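Visitor: I am new to this structure. Could you take one part of it and walk me through that part closely?

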Amino acid sequence: MSEDPPVSTVDVCIVGGCGRVGLPLGIAFAARGLSVVLYDINADAVATVNAARLPFAEPGAAEPLAEAVASGRLRATTDPASVGVSEHLVVVVGTPVDEHLNPDLSAVPRALDRCAEHLRDGQLVVLRSTVYPGVTALTEKLLAGKGIRVDVAFCPERIAEGRAMTELFALPQIVAARTPAALARAEKLFRHLTEQIVPLEPEEAELAKLFTNTWRYIKFATANQFWMMANDFGLDFARIRHAVAFDYPRAADLPMPGFAAGPCLFKDTMQLAAFNRNNFVLGHSAMLINEGLPLYLVSRLEDRFDLSELTVGILGMAFKGGSDDPRESLAYKLRKILALKTRETLCTDPYVADERLVDLDEVLRRADLLVIAAPHEQYARLETDKPVIDMWGLTGQGVRV
């Protein structure tokens with residue numbers, strides 16, 4: 001489109017702005033001097049942000065959030081009319097797969113449809129959610145069909161939880177749009193965060209993000225399969241991996257084993273599989289390995305222990321170390337399996353809020369066997385005489401089970 005941007009009261013409105021992707025982005029823009037409004041349907045999160053508090057853990061975000069709120073550069077709201085007061089609208093809503101592992105193509109269009117009556121001609125609409133290829137085009141069609149003349153860009157988020165306030169400024173930004181004008185506007189916006197811009201076509205960028213997450217998921221599956229192989233022969237994968245990677249750059253990215261979980265990697269691998277008409281043997285194999293790891297772990301424990309006579313403690317329920325995020329955590333899958341096998345299963349986590357969890361001291365006192373399910377650094381220094389199952393290599397005592 002060629003119209004001038006609208007006269008706006010704020011620079012950026014972020015839809016889904018109080019979540020783990022939207023809030024760090026809003027804080028980052030505000031830290032660079034832009035005015036930001038966060039639109040979110042979660043009233044509790046909105047109130048928390050407006051009180052200058054984080055609704056979740058994100059290192060390095062608390063201080064700039066407080067500064068941004070105090071200065072008036074950042075505020076949160078549940079009012080959908082807020083999307084109409086900005087020059088740039090950034091959409092970061094979640095894009096789940098359903099119970100059949102099919103992508104939900106309507107998540108982003110549905111979020112925009114809820115507030116479409118407030119959109120104005122001349123705005124730049126940036127999709128930042130990880131989307132199924134073609135959703136950018138679907139969004140363009142949706143908005144054009146409503147007679148809304150806006151520019152649309154796809155600029156996928158690339159941060160890892162716990163590193164957002166570093167990576168938003170350090171990582172290159174992929175920017176994609178259908179027209180040169182939209183591309184230039186998106187590039188100008190994200191140059192507030194980084195000078196490294198990588199331009200692509202929208203469909204290329206959509207695949208680039210799915211490839212990125214799927215590649216990580218497959219790497220984790222490879223490490224987990226290697227670990228199982230070594231483990232089944234009574235060998236310590238940690239020692240083997242050290243030898244493979246030591247001063248050998250071509251193997252430096254071989255991960256340690258562990259639960260490959262969370263809200264992104266598995267889901268985006270399945271989105272990529274659906275895009276390729278479910279002809280993705282490598283991705284489906286990675287799913288079977290990673291999702292099957294809790295069951296493999298329990299089967300190995302059954303070979304060594306009479307679980308029916310034991311109380312087992314699960315240490316860490318977040319989906320990764322140092323996080324308070326339990327979404328799609330395989331620790332909960334492990335808990336379900338062990339609940340059927342053990343005398344009792346106790347779970348603990350220093351960060352996750354869950355009324356079913358108990359204190360670490362109680363787990364250490366009552367459990368006969370301990371399993372590290374999330375590699376929180378606190379567990380590297382456990383003082384216990386109980387057997388500790390540590391597939392992560394966190395304790396430095398080997399990873400054989």
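Guide: What follows is a close look at strand 6 and its surroundings, with a shorter tour of other parts afterwards. Keep in mind that this is a predicted model.

Start with strand 6 itself. Strand 6 spans residues 151-154. Is this strand covered on its faces by the rest of the protein, or open? Both faces are covered. D151 and A153 sit on one side. V152 and F154 sit on the other. All four are buried.

Now look at the neighbours. One of them is strand 5, residues 124-127. Strands 5 and 6 pair in the parallel sense, over four bridges. Find L127 to see one of these contacts: its bridge partner in strand 6 is F154. The chain does not leave these strands unconnected. Strand 5, helix 5 and strand 6 make a β-α-β unit, and that unit is right-handed. Helix 5 covers residues 135-145.

Strand 6 also pairs with strand 7. Here the sense is antiparallel, and there are two bridges. F154 turns up again: it stands opposite A176 in strand 7. So which residue faces A176 in strand 8? That residue is L200. Follow the names across: L127 partners F154, F154 stands opposite A176, and A176 stands opposite L200.

Strand 7 runs from 173 to 177, and strand 8 from 197 to 200. These two are parallel and joined by four bridges. Between them the chain passes through helix 7, residues 180-190. This β-α-β crossover is right-handed.

Next, the salt bridges around these strands. The whole structure has 24 salt bridges. One joins the side chains of R178 and E140, at 3.1 Å from N to O. R178 lies in the loop between strand 7 and helix 7, and E140 lies in helix 5, so the pair ties together parts that are 38 residues apart in sequence. R178 is partly exposed, because its relative accessible area is 37%.

Another salt bridge joins E157 and K209, with the closest N and O atoms 3.2 Å apart. E157 belongs to the loop between strand 6 and helix 6, while K209 belongs to helix 8, so this pair links parts that are 52 residues apart in sequence. Helix 6 spans 164-170, and helix 8 spans residues 202-232. Are the two partners buried or exposed? Both E157 and K209 are buried.

A third example brings in other stretches of the chain. R20, E161, D324, D325 and R327 are linked in a network of salt bridges. Within that group, the side chains of R327 and D325 meet at 2.8 Å, N to O. Their surroundings can be read from the accessibility values. R327 is partly exposed, with a relative accessible area of 40%. D325 counts as buried because its relative accessibility is 1%.

From here, move on to a second sheet. Four strands form an open sheet in the order 10-9-11-12, with parallel pairing. Strand 10 (344-348) and strand 12 (388-389) stand at the edges, each with a single partner strand, so one side of each has no neighbour in the sheet. Strand 9 (residues 311-315) and strand 11 (residues 369-372) pair over four bridges. In that pairing, I314 has V371 as its bridge partner. The UniProt record, an unreviewed entry, places the feature "domain: UDP-glucose/GDP-mannose dehydrogenase C-terminal" at residues 313-397. That span is 22% helix and 16% strand, and its end C-alpha atoms lie 18 Å apart.

Turn to the surface now. F233, L235, I240 and V244 form a nonpolar patch there. Together they have about 400 Å² of accessible area. I240 is found in helix 9, residues 237-245. I240 counts as partly exposed because its relative accessibility is 37%.

Finish with two backbone details. Most residues other than glycine have a negative phi. A52 has a positive value, near 65°. A52 lies in the loop between helix 2 (43-50) and helix 3 (62-71), and is partly exposed at 26% relative accessibility. R277 also has a positive phi, of about 60°, although it is not a glycine. Its place is in the loop between helix 10 (265-275) and helix 11 (281-304). R277 is exposed, with a relative accessible area of 71%.

Conventions
Residues numbered from 1 in each chain as written. Predicted model: local features only at pLDDT ≥ 70, side-chain atom pairs only at ≥ 80, totals over all residues. Heavy atoms only, no water. UniProt positions renumbered as here; feature names shortened; annotations may be inferred. Patch = residues over 30% accessible without salt bridge, like charges linked within 9 Å, V, L, I, M, F, W, Y side chains within 5 Å. Areas by Shrake-Rupley, 256 points an atom, 1.4 Å probe, with all protein chains shown as cover. Salt bridge = Lys/Arg side-chain N within 4 Å of Asp/Glu carboxyl O. Buried < 20%, exposed > 50% of the residue type's maximum accessible area, 1.4 Å probe, protein only. Pairing = 2+ DSSP bridges. Right-handed = clockwise from strand over helix to strand, strands pointing away.
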